[in-house]
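Colleague: Could we go through this model together? I should like to start with the sheet and then turn to other parts.

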Amino acid sequence: MSTEQPAKFFVNAGLVSNPVDIYHLLRPLLRQTVAYRYLRGREIVSHGTGWVERIVADRPDVSSFFTPLSICLSVASWEHLEFETRPDQLITYVLVQGDERVVLEFVPPPVGEGEEMIQEPLPFQATPGYIQMELGAGDDATAEGEGPPPGETGGEAGAES
């Protein structure tokens, strides 16, 4: 007989503290635009909209940060994650550490009548004299600590899947 606790079962809402579960719940936010609110107690300290650039699973030396240009989510920065499905079928994520919380919500692009809402990257406005490039993530990024925690399989190629 095993002494391990059985896996929890969540449907549309829950509170998770297992780093593997937190990582898997946050993965859909990768390369998406999100609105964020940083709260200390009940007071909103800061808020904005940013682009989720990285999700780091097993690097406790990497911090989470939130800026309009780039967001890095480090699983090790948080005690637990609360999530809830809204009526529009999008998820609200609340990352908690002590009395501090960061609320993340997907920012859907504006849609016309009859159009279906899809998740897509925030468009980059190129300025004259600059070239826009997207650098692909190689398999070597997993060795740097990104991707699922040890013992988990990511199911997709690339470190930030």
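Colleague: In which sense do E6 and E7 pair, and over how many bridges?

Modeller: E6 and E7 pair in the antiparallel sense, over six bridges. Strands (E, at least two residues) and helices (H or I, at least four) are DSSP runs numbered from the N terminus, and two strands pair if DSSP finds at least two bridges between them. Please note that this is a predicted model, in which local features need pLDDT of at least 70 and side-chain atom pairs count only at pLDDT 80 or more, while totals for chains, interfaces and linings use all residues. Residues are numbered from 1 along each chain as its sequence is written, and side-chain values use heavy atoms, leaving out hydrogens and water.

Colleague: What do E6 and E7 form, and which turn residue has a positive phi?

Modeller: They form a hairpin with five residues between them, and Gln-89 in the turn has a positive phi of about 70 degrees. Within the strands, Leu-81 has Leu-95 of E7 as its bridge partner, and Val-16 stands opposite Leu-81.

Colleague: What is the strand order of the open sheet?

Modeller: The order is E1-E6-E7-E8-E2-E3-E5-E4, eight strands with mixed pairing. The edge strands, E1 (13-16) and E4 (65-66), each pair on one side only.

Colleague: Changing topic, where is Arg-86 placed?

Modeller: Arg-86 is in the loop between E6 (80-85) and E7 (91-97).

Colleague: Is Arg-86 buried or exposed?

Modeller: Arg-86 counts as buried because its relative accessible area is 19%; buried means under 20%, exposed over 50% and partly exposed in between, with a 1.4 Å probe and protein chains only.

Colleague: Which side chains make polar contacts with the side chain of Arg-86?

Modeller: The side chain of Asp-88 does so at 2.8 Å, and that of Glu-105 at 3.4 Å. A polar contact is a pair of N or O atoms within 3.5 Å; within protein, one must be able to donate a hydrogen and the other to accept it, and residues adjacent in sequence count only if both atoms are side-chain atoms.

Colleague: And the largest nonpolar core: how many residues has it?

Modeller: It has 21 residues, and Leu-26, Val-52, Leu-73 and Leu-104 have the most contacts inside it. H1 gives the most to this core, with three residues. Such a core is a set of buried Ala, Val, Leu, Ile, Met, Phe, Trp, Tyr and Cys residues joined through side-chain atoms within 4.5 Å.
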